[in-house]
Amino acid sequence: MNKFRARLTLMFIVLIGCSVLTAGLFMAKLMQDSHIEALKTNMLRELHILQVTVDWKRSGTDAELTRYYTGQAMLLRNSADARITYIRADGKVLGESDYDPGNMDNHLSRQEVIDAEKYGTGIATRYSQTVGRNMLYVVVPVKDGAVTQGFLRLAMSLEDVENSIRHLWSVLLAGLIIVFVIAGLISYRLAYGITRPIEMITRVAQQITNRNYKARVHFPKKDEIGQLGMALNRMADSLQLQMNRITENEGRLSSVLENMNSGVMMIDKEERIVLLNRSAEEFLGFSSQELLGKKFDEAKQQFEFTQMIQECFETREHIRDEMIFYYPSERILDINLNPILQTDDEWAGVLIVLHDTTAMRRLERMRSEFVANVSHELKTPIAAVKGFAETLLAGALNDKETAKSFLQIIFDESERLNRLIGDILELSKIESKRIPLHFSPVHLHSFIANCVHVMNAEAKKKHIELEMQVPQDAYMEADEDRLRQILINLLSNGINYTPEGGKVKVKVELLDDIVAGSEGEKLKLTIADTGIGIPKKDLPRIFERFYRVDKARSRSSGGTGLGLSIVKHLVELHKGTIRVESEVGMGSKFIIELPVLH
Ligand code: ADP
């Protein structure tokens, strides 16, 4: 139970208690008054009767008179049931029913006596020294004509009245206690009724403070407290809405941060790392748990990087640089350091954005290497053409035989140049994915037979046997022109790099391969020769552009060094793979795996 309810209950009890007490006091007073009033009336009546029953005009000595009146008083005492006193006009007590009049002092100064003389009746309530208790005195004067002869006084103890008042009080007290208990219970109920909704509202407010935005006040009352509850509910509604929006935005923001390829790291103005996204973790080789909360210079980072951050902290200016990182793997990172300024232009730390430029730089390097390669490759035939043409012009033209052979060389070289440019264009087209594939069903047996037929003349020149082992019913979906390009390239390489009398074989097998999740039928195409083979160290680079094992041999055979590179790209366009197995002097085997359906 809370303090407010206790206070409210207490207030109710005090209120009810006070009213009951006041009512009791009033009642007691009223009762006392009416009791005394009744007594007075009675006593007066009795006095009037006594007035006429006694002979008030007796003469004699004081002692005689005292004896007589005392005797009378004692006689009448029983019937009146009250103490009777006869006081002479000069105040001397002549007769007394209960005490010895000789011991009593002059009564003329008694208030009731003065009042009786003045008004005809005197009434007083006072403590009697003689009796030792509260008494009610009623006095009437005894007259002889207009002359006051004495006073007749009746006195009654107020004990009865006091007793009944006391009784009334005890009843009242008992009643009061009962009323108190009932009042207490009712007050409690009442206070509970008032405080319960307040408590509920307080509880809900507390829950909202503790981030339970779903908490609501449930009670149907329409009074002020009900309205307060409703206002709280509305506040909670809007709070919930806003919190949802905030969490949604936060979620969006953090998912952007987590899923972006750039690394983001934030350092606050106390130089502590406060944010690190996944890419940054990957680039820097540390998890957020390891780095968050740490000072940037304790984060075990590359020295130059730490220095750069330090510099940004000192200059508070944007810094951008590219740096090679060696841990966790070798990478080129583009580093952007931005000073964070809050809306009020207050310095808040540094935001670091990292971009992995390794691939880009590698590509750039490859491009420039390619350009250098191409220029070099072009230069050789052009130099040859130019040289022989010069020689011819200088006079070799006259020697018919020499002239003819020179012209043949010029023709061959320009032919090679043509091929080279053709290949370069083809490769650049394939690499930039500008050639769309036109898939159609290809009957492999007839298709390969056709390719072999095309290459036959060349093979015959070197006495090389071309063999094929293709199932009659093998079909696949492919771009026929591109597939032909693959086969012709590999066959011509086979013929080129196989000495006379060798053998080149094309083989097709169907593979049942389960590819990650989907069941796809695959086909294995093998072109094997019995030629010179490729040294182990060259195998990994064989598919690179312009890579040749033996430059002189390749050139003399008319190769451009681009054939395998084109083949690899075409196979990949068909979602296939190519690999090579070879042993020097024993021959080479190019194995292509392609999906049957697309
Ligand atoms: P090239 O036009 O020089 O043949 P390729 O790209 O077709 O260019 O081949 C690259 C290099 O791979 C060749 O120069 C050659 O050294 C080697 N090579 C290709 N095919 C074979 C093969 N069947 N046997 C031996 N070496 C081969």
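Reader: In which loop does Arg 211 lie?
Author: This is a predicted model, where local features need pLDDT of at least 70, side-chain atom pairs count only at pLDDT 80 or more, and totals for chains, interfaces and linings use all residues. Residues are numbered from 1 along each chain as its sequence is written, and side-chain values use heavy atoms, with hydrogens and water left out. Helices (H or I, at least four residues) and strands (E, at least two) are DSSP runs, numbered from the N terminus. Arg 211 sits in the loop between α4 and α5.

Reader: What is phi of Arg 211?
Author: Most residues other than glycine have a negative phi. Arg 211 has a positive value, near 70°.

Reader: At what angle do the axes of α4 and α5 cross?
Author: Axes are lines fitted to C-alpha atoms, for helices over the stretch in contact, and angles run from 0 to 180 degrees between N-to-C directions. The axes of α4 (residues 159-209) and α5 (residues 224-259) come within 10 Å. They cross at roughly 10°.

Reader: Which word describes α4 relative to α5?
Author: Angles under 35 degrees count as roughly parallel, over 145 as roughly antiparallel, 65 to 115 as roughly perpendicular and the rest as oblique. The crossing is at roughly 10°. That makes α4, relative to α5, roughly parallel.

Reader: Where is Pro 328 found?
Author: The peptide bond from Tyr 327 to Pro 328 is cis, with omega near 0°. Pro 328 belongs to the loop between β8 (319-325) and β9 (331-341).

Reader: Which residue has a polar side-chain atom 3.2 Å from a nitrogen atom of the ligand?
Author: A polar contact is a pair of N or O atoms within 3.5 Å. A backbone N or O atom of Gly 561 lies 2.9 Å from a ligand oxygen atom. A polar backbone atom of Gly 563 is 3.3 Å from an oxygen atom of the ligand. The side-chain contact to nitrogen, at 3.2 Å, comes from Ser 588.

Reader: What share of the ligand's exposed area does the protein bury?
Author: Accessible areas come from the Shrake-Rupley method with a 1.4 Å probe. Taken alone, the ligand exposes 520 Å². The protein buries 97% of that.

Key
A polar contact is a pair of N or O atoms within 3.5 Å; within protein, one must be able to donate a hydrogen and the other to accept it, and residues adjacent in sequence count only if both atoms are side-chain atoms.
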